[in-house]
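Colleague: I should like to understand how the terms used for this model are justified. Could we take them one at a time?

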Amino acid sequence: MTNDNKPRVVLLGLGAMGTALAQAWLHAGYPLTVWNRTASRAEPLRALGADVAATAAEAVAAGTLIVTCLMDDASVGDALAGADLVGRDLVDLTTGTPNEADARAVWARDRGARFLSGGIMSSPSMVGVPEAGGYVFYSGSRELLDQHESALAAVLGVRYTGSRPGSAALYDIALLSAMYGMFAGVSHAFALVREEEMPLKEFSGLLTSWLTAMLTSNDTVADQLDSGDYTRDVQANLGMLVSGFRTFEVAAREQDVDFRLLAPYLELLEERLGQGYSDEGTAGAIGLLAKSA
């Protein structure tokens, strides 16, 4: 049942994430209008109480808070091409790049709308489940966020990253990049031990606890980058790390495991070591990735 005191949410896009958002808003009592290019995907939501619009323009006309959760940035422009955005608040949860979000903010402003970009740090199953810990990075109009924070927080946690529209996408991609880097290391680890006696489920537990313990080093790296002193609180210096890493390469060869997932990181550390920074940890190598550094 909807609450008349809650603002109507207009949601464009009913993929897995969009559908989860729609269900959570309905469950939280928000009046909801939905649109999807494939109209049949909206029918289950109609049964739950959502209003279904025949076109994106019709959906936009139904409310002030417009949320897009579409395939890509181009699809946002296509969907809203015929919509009147004057006086609307556009919250774009579509996955894209920082520069795309910056450009979309200008596009929205030129059409009379305020703009907020979002980067979703959640799977669909976490939406509407506060204890699951999912949240959305938001950036752009702080005034828009302040006005609609209750509605947005009804489905996922809210974390504001700054006034630059593209910053939410940047933090989203930064976290996901770290995740995929971790997945690469996990894949290599399983490849090394896949035929050994220890059950892989037991190894998985050891791997999880080890990675969890090692994550505390993130704060040390942040402190080193902030201070500019890359030797501060170093537990293993670059000379030791590179030497050990080269052993990993030999061990992989012995186990008939391709080293391709870890080789680029070893090359990066070797380059920094070759510049004469043997007493540093890994923080100094970050500057080699940042081309403007």
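Modeller: Let us begin with the contacts of Thr33 in this predicted model. Leaving aside neighbours within four places in sequence, Thr33 is in contact with Arg8, Val9, Val10, Leu11, Asp51, Ala53, Ala59 and Ala62. Thr33 itself belongs to strand E2, residues 32-35.

Colleague: Why is Thr33 called buried?

Modeller: The relative accessibility of Thr33 is 4%. Buried means under 20%, and therefore Thr33 counts as buried.

Colleague: What makes the pair formed by the side chains of Thr33 and Arg8 a polar contact?

Modeller: A polar contact requires a pair of N or O atoms within 3.5 Å. The side chains of Thr33 and Arg8 make such a contact at 2.9 Å.

Colleague: Why is strand E6 described as mostly covered?

Modeller: Strand E6 spans residues 114-121, and 7 of its 8 residues are buried.

Colleague: How do you know that E5 and E6 pair?

Modeller: Two strands pair if at least two bridges are found between them. Strand E5 (residues 89-92) is joined to E6 by 4 bridges, and the two run parallel. Within this pairing, Val91 stands opposite Leu116 in E6. From E5 the chain passes through helix H5 (residues 98-110) to E6, in a β-α-β crossover that is right-handed.

Colleague: In which sense do E6 and E7 pair, and over how many bridges?

Modeller: E6 pairs with strand E7 (residues 135-140) in the antiparallel sense, over 6 bridges. Here Gly118 has Tyr138 in E7 as its bridge partner.

Key
Residues are numbered from 1 along each chain as its sequence is written. This is a predicted model: local features need pLDDT of at least 70, side-chain atom pairs count only at pLDDT 80 or more; totals for chains, interfaces and linings use all residues. Side-chain values use heavy atoms; hydrogens and water are left out. Buried means under 20% relative accessible area, exposed over 50%, partly exposed in between (1.4 Å probe, protein chains only). A polar contact is a pair of N or O atoms within 3.5 Å; within protein, one must be able to donate a hydrogen and the other to accept it, and residues adjacent in sequence count only if both atoms are side-chain atoms. Contact means heavy atoms within 4.5 Å. A crossover is right-handed if, with the strands pointing away from the viewer, the path from the first strand over the helix to the second runs clockwise.
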